Amino acid sequence: MTLTLILLPAVAAAVAAAIRSDRLRRALLVATAGAHAALTAACWIRPPACAPEAWLGFDAAGRLFLGIASLLFLAVAVYAAHRLSIESHGRQAEEDTGSIFVNAPEAVHTACLLAFLATMTLVAASRHLGVLWVAVEATTLATAPLIYFHRQPRSLEATWKYLLVCSVGIALALLGNFLLVVASAAPDGTGGTLVVRELVAQGAELRTPWLKAAFVFLLVGYGTKMGLAPMHTWLPDAHSEAPSPVSALLSGALLNCAFLGILRAHSICSAAGLGGFSGNLLAGFGLLSMGIAAAFLVNQADYKRLLAYSSVEHMGLLALGAGLGGVALYGALLHAVNHSLVKAALFMVAGNLLAAYRTKQVARTRGALRLLPVSGALWLAGLLAITGMPPFGTFASEFTMLRAAFAPGREWMAVVALLALAVAFAGMARTFLSMALGPVSDEFEPAGRREHRAAFGPALALLAASLWLGLWIPNGLNGLLGHAARLLGGDAP
Amino acid sequence: MQSGTGSLLIFLILTDLLLLGSSRLRNAIRIAAAQGVALGLLPWLAHGHLTGSALLLGAGSAALKGVVFPALLNRALREIHVRREIEPLIGYIPSLLIGTGVLAAAFAFGARLPLPWESPSPLLVPAGLFTLWTGLFLIMARGKAITQVLGYIVMENGIFALGMAVVEAMPLLVELGVLLDVFVAVFVMGILVFHINREFDHIDADQLDALKEGAP
């Protein structure tokens, strides 16, 4: 079961690279995503047995992140197949910069998308930190060609930064892994391990100074990939220059993979009695990310960069929740689910706006509600969802985390977080409203175009799912979240 | 074997200093290749006996870093007609001075936090850390995209050396996975260098700054 989930998209990627028919390849993309989601659902309903010492297998946390990645990939695959079918094949001009470009071959793009799914599945399945490292680095390599789909200087620059910054960051995480081995080895240097279960079982027997050093390196390394400030510099560039389906996957699924790596390291520290040390570091990085992101959200001129900075902010919120521990960790996991649903939906809507207006400039995008009634409405609904308004699921998860933050001695964290959220709300609301409302300029007649179902359907479905989670969390999901939170050293409400 | 390991690690430190001071790309590639081959010997020198996994790991690493990477980078150099001296953001003499300071700090750190057991050589941790730093420094202080790839390789060399301290606990399969990742990373970076050269007519990564916040 576990191996099938990993190998299915990997094999499909190889096939996609070989197929010559574009239509067939797009069908393969959607079919593979559907099969992967079905297998994931089966895995949720009846978790496959897994030997305790096995390197691969889905524990509760792995199942949760597998579920997010698989569901998102299905939605994005439907959307991407539609987008690829309307992409023009010849030379085209980017209106914002005036550069002429062609697209990368579609076969390579689809193959990389599927390989990306395979590597994300491997991340979720890893119970060995060495395997986890290999898988996270592999996600970087699979996504770099995806960002460089529109072959123009700006996306090349973004790809270069992404590849270099993340590879260097993740190399530091490898060093963290080595330090962890030193922390766990017997006095004669043998018997060190990287299996998460064994490390958690060793608990307080781990060597404290080495474990602390290991956590710092793992946090900085995977934090780079997750987009925590101040290592987030690659994120706005990559998210704004990648094609919209890829941005949706990067923000909704890839960042979570790195978060899982950090959570694993944090759970080892908690088991060793260093939960306070690692939690404070996480909360510090989290608050810094929220503050910096909020500053860049106000008056942001490019709406895809706006969404990217919002991702930095929400990653900060996740790190804060994980750092606070206890019930807040449950809140962070729930928020990871909600943020993925909403942010992927928003990036897909942004793709529709970009296709209609041919610009990423906020100032030149007006009257979306009139020009694209469905996408415009989804854009506004997405605003409510991403800023944590009830009745969306983000409200419930943010509320859970902030309530836990208002414990004696750390109220200031809750105040800082609330302040950042308020600034972000003001900045985003102004931009979103100015884009959705107002008249449409004459060059875009006729207003009120019919939109293709595949263009808005996936975003609508994801937003509806987030709304559903705000009204009622299904028992199965609630149980899984609680299970995962306890596994990672937190608590369920 | 102690002396063999020691000489090898001193070689590592010397090549790092050479890299910091070298201005010709072709020389820098050659130095990094020599470093990679030397590191391939480390697994069995450090542990005194030749196990199958140490042999495989060493040979794979040496072949990759000594043959494949230099061939890839040299091909890139030929294609893009860059032979000129590197234009550094930080000059060579300052680079060397900073490097000497960092080397001293690496030794101090190695003495402050010794391995809990007898390490293959007291030089291992300082040499590994210094190589790691040299790679990072090359990425940050040199302008050409190809030098940044070289910096990444050198940084990886440093981590490989540090990994020797814990080689027995890292399963071979994972080590090979790491090598594969590094290979693909350098391969993809190599392809991107071609594209940067074609799009911009140069490979100065420091001029890739259109995406800075506030840029038009």
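Here are some short exercises on this two-chain predicted model, each with a worked solution.

Some ground rules: local features need pLDDT of at least 70, side-chain atom pairs count only at pLDDT 80 or more, and totals for chains, interfaces and linings use all residues. Residues are numbered from 1 along each chain as its sequence is written, chains are lettered from A and ligands numbered from 1 in the order in which they are written, and side-chain values use heavy atoms, leaving out hydrogens and water.

**Exercise 1. The interface**

Work out how many residues of chain B are in contact with chain A, and how much area the two chains bury.

Step 1: Start with contacts, meaning heavy atoms within 4.5 Å. On that basis, 45 residues of chain B touch 47 residues of chain A.

Step 2: Go on to area. The size of an interface is often given as the accessible area lost when the parts come together. Here the buried area (accessible area, 1.4 Å probe, that two parts lose on being put together, summed over both) is about 4000 Å², with 77% of it on carbon and sulfur atoms.

Step 3: Look for polar links. The salt bridge rule (a side-chain nitrogen of Lys or Arg within 4 Å of a carboxyl oxygen of Asp or Glu) finds zero across this interface. Polar contacts are pairs of N or O atoms within 3.5 Å; within protein, one must be able to donate a hydrogen and the other to accept it, and residues adjacent in sequence count only if both atoms are side-chain atoms. Two residue pairs between chain B and chain A are in polar contact, both at pLDDT 80 or more.

Step 4: Find the elements on the chain B side. Helices are DSSP runs of H or I with at least four residues, numbered from the N terminus. Those giving two or more residues are helix 5 (124–141), helix 6 (145–163) and helix 7 (172–200) of chain B. Helix 7 of chain B has the largest share, 16 residues.

Step 5: Sort that side by class. Ala, Val, Leu, Ile, Met, Phe, Trp, Tyr, Cys and Pro count as nonpolar, Asp, Glu, Lys and Arg as charged, and the others, Gly among them, as polar. The tally is 34 nonpolar, four polar and seven charged residues.

**Exercise 2. The cavities**

Find out how many cavities of 30 Å³ or more the whole structure has, and what lines the largest cavity.

Step 1: Set the rule. On a 1 Å grid over the protein atoms alone, a cavity is a set of points where a 1.4 Å probe fits but cannot get out, and lining residues have an atom within 4 Å of a point. Points are joined across faces, edges and corners, and a volume is the space filled by probe spheres set on them. The search gives four cavities of 30 Å³ or more.

Step 2: Take the largest cavity, at about 90 Å³. It has 13 lining residues, and the closest to its centre are A:Leu174, B:Glu156, B:Phe160, B:Glu175 and B:Val178. Helix 6 (153–184) of chain A, together with helix 6 and helix 7 of chain B, each give two or more residues to the lining.

Step 3: Check the classes: nine nonpolar, one polar and three charged residues.

**Exercise 3. Backbone oddities and a salt bridge**

Locate A:Pro391 and A:Asn299, then say which parts A:Glu106 and A:Arg26 tie together.

Step 1: A cis peptide bond joins A:Pro390 and A:Pro391, with omega about 10 degrees. A:Pro391 sits in the loop between helix 15 (373–386) and helix 16 (393–405) of chain A.

Step 2: A:Asn299 has a positive phi near 60 degrees without being glycine. Its place is the loop between helix 11 (275–297) and helix 12 of chain A.

Step 3: A:Glu106 and A:Arg26 form a salt bridge, 2.9 Å from N to O. A:Glu106 is in helix 4 (residues 106–125) of chain A and A:Arg26 in helix 2 (residues 22–45) of chain A, so the pair ties together parts 80 residues apart in sequence.

Notes:
1 Å grid on protein atoms, 1.4 Å probe; cavity = no way out; pocket = protein on both sides within 12 Å on 5 of 7 lines; lining within 4 Å.
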